[in-house]
Amino acid sequence: MSKLTSMADAIKHYVPDGSSVALSLALEPLIPFAAGHEIIRQRRQNLTLIGPISDILFDQLIGAGCVVKISAAWVGNVSEGLAHCYRRAAEKSIPHSITIEEYSNFTIGLALLAGSLGSPYIPTRSLLGSDLPRQNPSLRIEPSPIDGTPLLLVPAIRPDVAIVQVQRSDEDGNAHLWGSVGISEEAWLAARDVIVVAEEIVPRAVILSDPNRVAGPSYKVRAVVHEPWGAHPSAVQGYYNRDHQFYHEYHVQTRTLEGFQQWLD
């Protein structure tokens, strides 16, 4: 059976209120803005957002009141600075307070990798000596069982759903992904459900012609959405470049709460 569906139906069925959602997984490119905007339109509530550098999509979802918790390395506007809605929520509880669980890009990747492997945690020495373990109590420092030296234990994260933007997919969710992919594959494997958002829908033969580009197993995919320009204003390698002016205008307009509301409307 084809898994091809509309964005509205994919979000309706697989991103309920209270979900933990991994998205913006390739850092600056391949950000599923169309999916995030549909989440806003459906007025989803109490979401936990999981990701590395989120650029402005997390900011939009926070400003729209959809988010209760962030598990991420950074929330901002990469070319402009910290994101205004995120700062208003963190500093002034506008539109409401959010819980912030801080990671580095590397350790959020380790957390999803642990989830993908079925491991309770992955040990590392990254972040030792930094303030992040104090900011995020789920990151535990324990002595190594081998030599007694300090280790940081990064617990597994298993999102309810990962929304993965790709260049192309067949109707069953066998998808090609290339360029800078960040931690898209780790999130795909760690999540319970996957929504694939594709620039193109292609025959299975096209996917089979280049198996090295396959993003993950199709049996985890619940929905495939054909959404050309679905990552705009971020870039999709081979399809379109980053729209720098969009980011600049968003940053200027959302500096005030009234400006963000006008943008949201």
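1. Start with a charge sitting on a ring. In this predicted model, R213 is placed over the face of W178, and the distance to the ring centre is 4.4 Å. There is another case to look at: R242 lies over the face of Y247, at 3.7 Å from the ring centre. Try turning the view until you look along each ring's face.

2. Now the aromatic rings themselves. The structure holds five aromatic pairs. Take Y250 and W263: their ring centres are 5.1 Å apart and the planes meet at 80°, so this pair is edge-to-face. Y250 belongs to helix α9 (residues 244-253) and W263 to helix α10 (residues 257-264), so the pair ties together parts that are 13 residues apart in sequence. Are these two rings buried or exposed, or something in between? Y250 is buried, with a relative accessible area of 2%, while W263 is partly exposed at 22%.

3. Stay with W263, since F260 pairs with W263 too. Here the centres are 6.0 Å apart and the planes are at 20°, so the pair counts as stacked. F260 and W263 both sit in helix α10, three residues apart, which is about one turn of the helix. F260 is buried, with a relative accessible area of 1%. Put the pieces together and you get one aromatic cluster, formed by Y250, F260 and W263.

4. On to the charged pairs. How many salt bridges does a search of the whole structure find? The count is 14. An easy one to spot is R41 with E38, where the side chains meet at 3.0 Å, N to O. Both residues lie in helix α2 (residues 33-41), three residues apart, or about one turn of the helix. The two partners have quite unlike surroundings. R41 has a relative accessible area of 56%, so R41 is exposed. E38 has 11% relative accessibility, so E38 counts as buried.

5. Another salt bridge joins D147 and R125, with N and O 4.0 Å apart. This pair links distant parts of the chain, 22 residues apart. D147 is in the loop between β9 (140-143) and β10 (150-155), and R125 is in the loop between β8 (121-124) and α6 (132-135). How accessible are the two partners, and what do they count as? D147 is partly exposed, with a relative accessible area of 48%, and R125 is partly exposed as well, at 47%.

6. The next bridge is worth a slower look. R204 forms a salt bridge with D170, and the closest N and O atoms are 2.5 Å apart. Again the pair links distant parts of the chain: R204 is in helix α8 (residues 204-208), D170 is in the loop between β11 (161-169) and β12 (175-176), and they are 34 residues apart. R204 is partly exposed, with a relative accessible area of 41%, whereas D170 is buried, at 3%. There's also a bigger picture here. Which residues are joined into one network by salt bridges that share partners? They are K3, D170, D172 and R204.

7. Finally, zoom out to the chain as a whole. The protein chain has ten helices and 14 strands. Its radius of gyration is 18 Å, close to the 18 Å that the globule rule gives for 265 residues, so the chain is as compact as a globular protein of that length. Along the principal axes, the C-alpha trace spans about 55 × 50 × 30 Å.

8. What about the inside, the contacts and the surface? Buried residues make up 52% of the 265 residues in the protein chain. Of the contacts with a separation of 6 or more, 73% are between residues 24 or more positions apart. The protein chain exposes about 11,600 Å², and carbon and sulfur atoms supply 51% of that area.

Key
Residues are numbered from 1 along each chain as its sequence is written. This is a predicted model: local features need pLDDT of at least 70, side-chain atom pairs count only at pLDDT 80 or more; totals for chains, interfaces and linings use all residues. Side-chain values use heavy atoms; hydrogens and water are left out. Helices (H or I, at least four residues) and strands (E, at least two) are DSSP runs, numbered from the N terminus. Buried means under 20% relative accessible area, exposed over 50%, partly exposed in between (1.4 Å probe, protein chains only). Rings of Phe, Tyr and Trp (its six-membered ring) pair if their centres lie within 6.5 Å; planes under 30 degrees apart count as stacked, over 60 as edge-to-face and the rest as tilted. A charge sits over a ring if NZ of Lys or CZ of Arg is within 6 Å of the ring centre and within 35 degrees of the ring normal. The radius of gyration is taken over C-alpha atoms; the globule rule is 2.2 Å times the number of residues to the power 0.38. Contact means heavy atoms within 4.5 Å. Accessible areas come from the Shrake-Rupley method with a 1.4 Å probe; for residues, only the protein chains shown count as cover.
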